[in-house]
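Trainee: I would like a close look at one part of this model. Please take me through it step by step.

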Amino acid sequence: MEIIRSNFKSNLHKVYQAIEEADFFAIDGEFSGISDGPSVTALTNGFDTPEERSSPDVKFVCQSSSIDFLASQGFDFNKVFRNGIPYLNQEEERQLREQYDEKRLQSNGAGALSYTSPNTSKCPVTIPDDQKKFIDQVVEKIEDLLQSEENKNLDLEPCTGFQRKLIYQTLSWKYPKGIHVETLETEKKERYIVISKVDEEERKRREQQKHAKEQEELNDAVGFSRVIHAIANSGKLVIGHNMLLDVMHTVHQFYCPLPADLNEFKEMTTCVFPRLLDTKLMASTQPFKDIINNTSLAELEKRLKETPFNPPKVESAEGFPSYDTASEQLHEAGYDAYITGLCFISMANYLGSFLSPPKSHVSARSKLIEPFFNKLFLMRVMDIPYLNLEGPDLQPKRDHVLHVTFPKEWKTSDLYQLFSAFGNIQISWIDDTSAFVSLSQPEQVPIAVNTSKYAESYRIQTYADYVGKKREEKQMKRKWTEDSWKEVEPKRLNTQCVSYGLQNHHYHANSLTATSTVGKRNLSPSRAEAGLEARVSGEISDTELEQTDPCAEPLSEGRKKAKKLKRMKKDLSPTGSISDSSAKLFEVPDTW
């Protein structure tokens, strides 16, 4: 079924039902990951760290090669803008709800009379001199309406927002009962006020009707975000293929902007999606990588139809036609998500053949697939295959890697010539004047570094020295920021402390536990280190964080957003939770 703007609302209950009944979800956003640089390699290199690779870069750009590619695949750009479903992230939704609440509060003596409170002030409204004649004319028209036995409604002429506010305030004071006031729009989008004579029962009915309409408008604005929130709140397994970009865009678009810090990004992501599984990483790991040569989605889907795999039989519900994998529709997000789900089922069922007795079906809740949870495939990183959302990332030694700086005029051929005496090398460009060069033997590194001691045009240093200097620069920058904060903020913070004390604010929140998974995971049966993973758990209490000294240094924005998301999801109760014990047969390795 195709869901677009015109039928989204009428079919939303079917979507919710499908989410409730599903064992897992397969997603694909068809995000191209385009860049505004000269090439992908200009922005990424084979020795990026996960933190560098995941750094946020908010842009809306249109890259011709990407557009050409999507067009060649039959992508309908007109459909995106004409029939696309609206959405809001959580901050935008919060602001919109606050606007509605503020509007409702203003009604209590300063807004729409349909929400007038019995406690409304009966004091006259102060009206500017230049508006007194206008208000007097409105009051005169209302008096005529109340005296008339024939007329029940009065349509005022379109006016400014300020004039409408004065009308609301005046009528709230002068006519607390007997009339209903509402703002409507003309076909030309001009706003005007309608006044109706009503009894108390009719007034309450219209209040409820208007409130329901406002809620419907708000839900329409939230749009597709409601689906993402339902999936996240289900706690069920979410599957994608090479899904890092999909996850990043989803969190950013439907929840909040991504933090700059990697650990904060991990915390935020696992708060939104407690369980993720990347089929590209799964296919790249034992016991699959020895029998799967190509992990691109199209080739993976074909391979998993062959021995020793057993593809699942798909039966579509009545009224819901399915895709036909015999006629590929690659790079349509729905089709790619569909075959991603089929690939997961085939690989999960294959793991069942290692059990005694063997099982032909392995569910999304099985401990056999637990080792693949929350590890997202990293492309074009030579020695870090995945981003670990539940703990520290792999720390490769990189003792064979050099960092080289050189003149802007240099080309790849110049670097090959410089290192010609060291045999086979690999070059990963960082920018126009620097690159990583990996040697075939770590023993050659000191020799290479010594060759640049007296060089004027280039400089060579070990990867360890390069990282150490970057860390020092980062610490110096952080210290400078903290020192600046200490110099600029004391007065403001002291004022806040006094304010908090006077207001006697108390915060209460349920403690939340964040569990990190750390340790060696080895999936290959041939390796000796096939032990259970070590788990290190640490508890983070939001209550403790919020009840600390209000003058303490505030949390970073990323952690604030993650904590806020946790509080919003504190009632999360994942369906079909799995045992904490590790799978003994299959473990994702920490060395590749």
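Trainee: Which residue forms a salt bridge with Lys 9, and which residues in α10 does α1 meet?

Mentor: Keep in mind that this is a predicted model. Start with the salt bridge. Lys 9 pairs with Glu 216, and their closest N and O atoms are 3.0 Å apart. A salt bridge needs a side-chain nitrogen of Lys or Arg within 4 Å of a carboxyl oxygen of Asp or Glu, so this pair qualifies. Side chains of opposite charge can pair when their charged atoms come close.

Now place the two partners. Lys 9 sits in helix α1, residues 8–21. Glu 216 belongs to helix α9, residues 200–222. The two residues are 207 residues apart, and their pairing links distant parts of the chain. Next, check their surroundings. Lys 9 has a relative accessible area of 45%, so it is partly exposed. Glu 216 is partly exposed too, at 41%. The pair also has company. Asp 220 joins Lys 9 and Glu 216 in a network of salt bridges.

Stay with α1, and turn to its helix neighbour. Helix α10 covers residues 225–234. The axes of α1 and α10 come within 11 Å and cross at roughly 10°. Angles under 35 degrees count as roughly parallel, so that word fits α1 and α10. From α1, the residues in this contact are Phe 8, Leu 12, Val 15, Tyr 16 and Ile 19. They meet Arg 226, Val 227, Ala 230, Ile 231 and Ser 234 in α10. Sort the contact by class. Eight residues are nonpolar, one is polar and one is charged.

For contrast, look at another helix pair. Helix α11 spans residues 244–254, and helix α12 spans residues 262–272. Their axes are 11 Å apart, and the packing angle is about 80°. Therefore α11 is roughly perpendicular to α12. Here Leu 244, Val 247, Met 248 and Val 251 in α11 meet Phe 265, Met 268 and Thr 269 in α12. This contact has six nonpolar residues, one polar residue and no charged residues.

Finally, set the Lys 9 pair in context. The model has 16 salt bridges. Another one joins Arg 303 to Glu 306, with the closest N and O atoms 3.6 Å apart. Glu 306 is partly exposed, at 44% relative accessibility. Asp 399 and Lys 397 also pair, at 4.0 Å between the closest N and O atoms. Asp 399 is partly exposed, at 36%, whereas Lys 397 is exposed, at 70%.

Methods:
Residues are numbered from 1 along each chain as its sequence is written. Side-chain values use heavy atoms; hydrogens and water are left out. Helices (H or I, at least four residues) and strands (E, at least two) are DSSP runs, numbered from the N terminus. Buried means under 20% relative accessible area, exposed over 50%, partly exposed in between (1.4 Å probe, protein chains only). Axes are lines fitted to C-alpha atoms, for helices over the stretch in contact, and angles run from 0 to 180 degrees between N-to-C directions. Angles under 35 degrees count as roughly parallel, over 145 as roughly antiparallel, 65 to 115 as roughly perpendicular and the rest as oblique. Contact means heavy atoms within 4.5 Å. Ala, Val, Leu, Ile, Met, Phe, Trp, Tyr, Cys and Pro count as nonpolar, Asp, Glu, Lys and Arg as charged, and the others, Gly among them, as polar.
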